[in-house]
Amino acid sequence: MGLNPRRDAGTDSDDRASRRRLLGWLSGVGLFGSGILSAFSNFVFIKPRATYGAPQRFTAGKPSDYPDGTRVALEPRRVCIVRDGNKLAAISTTCTHLGCIVGLSETGFACPCHGSRYDQDGTVTGGPAPKPLAWYKVSLAPNGELEIDKDVEVNPGTYLNV
Ligand code: FES
């Protein structure tokens, strides 16, 4: 307590005002933080955790199921299995123009949508396709079946020796 009671009363009210301001600021920060936390937890809750698309890695039978010279399209998987002697490869059948499924043709692949054409290796030979068909990684699973991984693209001409 000082000698001037009026002055001390003023300091008390200043202290209370600054304490009130601090508490107001803290509760504002707390409210803002809980709002952010709530929005984040709602986002996590709404976002699906499962995907239901076709798996990108799958087995496709034994190498002996594909005799030399085979070029067979696995429609639902959108790949073409190619066998050349002891070499096997998987080439995408998804057109690089707008994603239609290309069909096998005498010279390679042909897209029914806008006429893109590809040779046997998937190189563009005509039409609006901007790039060649993708080649996917092919390996042997422990049970001896071919395993194709559409998540892993390889350079065109990359075969699995069987
Ligand atoms: S989607 Fe194949 S040419 Fe357009």
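Let me start with strands 7 and 8. Strand 7, residues 117–119, is joined to strand 8 by two bridges, and the two run antiparallel. If you want a place to look, take Tyr118, which stands opposite Val124 in strand 8. Keep in mind throughout that this is a predicted model.

This pair belongs to an open sheet of four strands, in the order 5-6-7-8, with antiparallel pairing. Which strands stand at the edges? They are strand 5, residues 103–104, and strand 8, residues 124–126. Each has a single partner strand, so one side of each is left without a neighbour in the sheet.

Now go back along the chain to strands 2 and 3. Strand 2 covers residues 71–74, and four bridges join it to strand 3, again with the two running antiparallel. Together they form a hairpin, with four residues between the strands. In that turn, Arg78 has a positive phi of about 60°. Leu74 stands opposite Val79 in strand 3.

Val79 leads to the next topic, the core. The largest nonpolar core has 21 residues. Val79 is among those with the most contacts inside it, together with Ile81, Ala89, Ala90, Ile91, Val138 and Ile148. Which elements give two or more residues to this core? They are strand 3 (79–84), strand 4 (87–92), strand 9 (135–140) and strand 10 (146–154). As background, nonpolar side chains tend to be buried together in soluble globular proteins.

Take Ala89 as an example from that core. Leaving out residues up to four places away in sequence, Ala89 touches Val82, Trp135, Val138, Thr158 and Tyr159. Val138 is itself one of the core residues with the most contacts.

Last, the whole chain. How many helices and strands does the protein have? There is one helix, and there are eleven strands. The helix comes at the start of the order from the N terminus, and the strands follow it. The radius of gyration is 33 Å, well over the 15 Å that the globule rule gives for 162 residues, so the protein is more spread out than a compact globule. Along its principal axes, the C-alpha trace spans about 110 × 40 × 25 Å.

Two more figures on the whole protein. Of its 162 residues, 17% count as buried. Among contacts with a separation of 6 or more, 36% are between residues 24 or more positions apart.

To recap, we have an open sheet of strands 5-6-7-8, a hairpin of strands 2 and 3, and a largest nonpolar core of 21 residues.

Notes:
Residues are numbered from 1 along each chain as its sequence is written. This is a predicted model: local features need pLDDT of at least 70, side-chain atom pairs count only at pLDDT 80 or more; totals for chains, interfaces and linings use all residues. A nonpolar core is a set of buried Ala, Val, Leu, Ile, Met, Phe, Trp, Tyr and Cys residues joined through C-beta atoms within 7 Å. A residue is buried if 20 or more other C-beta atoms lie within 10 Å of its own, exposed if 12 or fewer, and partly exposed in between; C-beta atoms are placed from the backbone. Two residues are in contact if their C-beta atoms, placed from the backbone, lie within 7 Å. Two strands pair if DSSP finds at least two bridges between them. The radius of gyration is taken over C-alpha atoms; the globule rule is 2.2 Å times the number of residues to the power 0.38.
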